[in-house]
Amino acid sequence: MAAKVAGAESSKEVEDSISRGSIEVCRLMHPDDANLAGNVHGGTILKLIEEGGFIIATRHCNRNRTKDEPVLAALARVERTDFIQPMFIGEVAQVHVQLGYASKRSLEVKASVWAENVLTGSRRLTNRASLWYVPIVMGSDVRIIPEVPSLEYSSKDEEEKGKERYELQKRARLDKEEHFQENPPSNNVVSPLVHPAGKNVSRYSVLNSESSLIHSVQPSECTKAGFVLGGVTMKMMDEVAGIVAFRHCKTNVVTASIDAIDFHAPVKLGHIIHITGRATFTSAKSMEIEVVVYAKDYHTDDSIRACSAYFTFVSLDEKRRPQAIPFLELHTEEEARRFEAGNKRYQKRKERREGQS
């Protein structure tokens with residue numbers, strides 16, 4: 001992977017480009033980045049987006065600060081992300097990121113992802129995303145610094161639109177927290193093969209496809225301050241969601257979209273993280289999967305809900321066209337309630353797509 005400043009050819013141009021807040025992260029897609037059908041995992045793209053976002057946000061947050069107290073940009077939220085087109089093995093992922101808006105305590109980074117065919121030079125847009133970061137002081141404890149450096153805007157209208165996006169994401173974070181208080185996710189490790197009561201599990205039930213990943217945080221996954229990079233967590237979340245989708249469909253499945261990913265608490269080196277994914281809703285040609293990340297410090301026995309999101313997957317046939325998804329069987333009142341909530345989110349996503357067409 002290589003990070004370069006877009007369009008810069010001299011040191012002066014580099015400095016000007018950095019001050020405007022624009023960089024590009026590029027990497028060739030390898031077989032390890034994709035499924036057996038050659039489709040690059042959504043988590044791989046998310047990880048690249050966050051790497052670019054982390055670089056540009058950390059650079060900006062350290063402007064005009066003393067070297068005695070450098071700060072890191074911690075990922076707080078990723079807005080809804082649509083996977084416009086698939087990316088394949090052998091293509092080059094070009095992730096372009098730029099600063100969008102700066103409030104006193106958070107910073108927006110806007111990202112667009114392009115797939116390049118290095119043989120023909122053709123490029124196509126595959127993803128767009130907006131990420132929100134908060135600056136923290138490096139140390140054993142997380143401490144948010146008082147203020148983010150200001151950002152220059154091309155017009156007053158650009159600044160006002162950025163402020164609107166900031167207010168919307170802040171409200172959405174609060175709404176999501178209220179949702180989880182009313183509908184707490186399960187934090188149990190459940191076998192997908194055996195019902196807790198000892199009964200056989202139905203083929204298309206929620207329990208049959210429910211999946212978990214337990215992972216010990218490694219130094220290579222963290223910043224030098226010992227905090228896990230958001231892209232690492234998102235990549236594992238997408239992998240768990242993909243396993244759920246595959247278990248339910250038994251076909252080639254790909255990430256279609258992700259509702260906003262919220263980071264509720266930081267994950268540190270030495271934590272054990274437990275990622276659980278379960279199907280919540282199916283339509284004719286898509287399925288929604290809730291993914292929740294818990295982190296546990298086994299020295300203190302403290303457990304925290306670190307991250308959560310809803311992933312939407314589609315099933316593809318041999319010609320890589322969307323095909324029918326088996327209907328999700330519901331066996332409990334809780335599953336029925338979650339299915340109805342998922343249906344409401346599906347209708348909102350559908351209205352959003354129709355409004356953009």
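**Questions on a predicted protein model**

User: Leaving aside its neighbours within four places in sequence, with which residues is Phe327 in contact?

Analyst: The model discussed here is predicted. Phe327 sits in the loop between strand E15 (322-323) and H6. Once neighbours within four places in sequence are set aside, its contacts are Tyr204, His248, Thr282 and Phe339.

User: Is Phe327 buried or exposed?

Analyst: The term exposed requires a relative accessible area over 50%. For Phe327 the relative accessible area is 54%, so the residue is classed as exposed.

User: What distance separates the C-alpha atoms of Phe327 and Ser286?

Analyst: Along the chain, Phe327 and Ser286 are 41 residues apart. In space, the separation of their C-alpha atoms is 9.9 Å.

User: Where does UniProt place the feature "active site"?

Analyst: The annotation comes from an unreviewed UniProt entry. One of its positions lies in the loop between strand E2 (22-28) and helix H2 (42-61), and another is found in helix H5 (residues 230-249). The positions in the record are Asn35 and Asp238.

User: Why can Asn35 and Asp238 be said to gather at one spot?

Analyst: UniProt gives Asn35 and Asp238 as "active site" positions. They span 204 residues in sequence, yet their C-alpha atoms are no more than 12.2 Å apart, so they gather at one spot. Both Asn35 and Asp238 also belong to the lining of the second largest pocket.

User: Is Asp238 buried or exposed?

Analyst: A residue counts as buried when its relative accessible area is under 20%. The value for Asp238 is 3%, and therefore Asp238 is buried.

User: Which residue is touched by Asp238 and is also in contact with Asn35?

Analyst: Residues up to four places away in sequence are not counted for Asp238, which touches His41, Gly42, Gly43, Thr255, Phe311 and Phe313. With neighbours within four places left aside, Asn35 is in contact with His41, Asn252, Val253 and Val254. The name found in both lists is His41.

User: Which element gives the most to the lining of the largest pocket?

Analyst: The largest pocket holds about 1200 Å³ of space, and 32 residues line it. Strand E4 (81-83), strand E6 (107-116), strand E7 (123-137), helix H3 (156-182) and H6 each supply at least two residues of this lining. With eight residues, the element that gives the most is H3.

User: How many residues in the lining of the largest pocket are charged?

Analyst: Arg77, Glu79, Arg80, Asp259 and Ala260 are the lining residues nearest the centre of this pocket. By class, the lining has nine nonpolar and five polar residues, and the number of charged residues is 18.

User: Which elements give two or more residues to the lining of the largest cavity?

Analyst: The count of cavities of 30 Å³ or more is two, and the largest has about 60 Å³ of space. Its lining consists of Val206, Arg278, Ala279, Thr280, Leu328, Leu330, Glu334, Glu335 and Arg338. The elements that give two or more of these residues are strand E12 (272-282) and helix H6 (333-356).

User: What percentage of contacts in the protein between residues at least 6 apart in sequence join residues at least 24 apart?

Analyst: The protein has six helices and 15 strands, and 50% of its 357 residues are buried. Among contacts between residues at least 6 apart in sequence, the portion joining residues at least 24 apart is 71%.

Terms used:
Residues numbered from 1 in each chain as written. Predicted model: local features only at pLDDT ≥ 70, side-chain atom pairs only at ≥ 80, totals over all residues. Heavy atoms only, no water. Helix = DSSP H or I, 4+ residues; strand = E, 2+ residues; numbered from the N terminus. Buried < 20%, exposed > 50% of the residue type's maximum accessible area, 1.4 Å probe, protein only. Contact = heavy atoms within 4.5 Å. 1 Å grid on protein atoms, 1.4 Å probe; cavity = no way out; pocket = protein on both sides within 12 Å on 5 of 7 lines; lining within 4 Å. Points joined across faces, edges and corners; volume = space filled by probe spheres on them. UniProt positions renumbered as here; feature names shortened; annotations may be inferred. Nonpolar A, V, L, I, M, F, W, Y, C, P; charged D, E, K, R; others polar.
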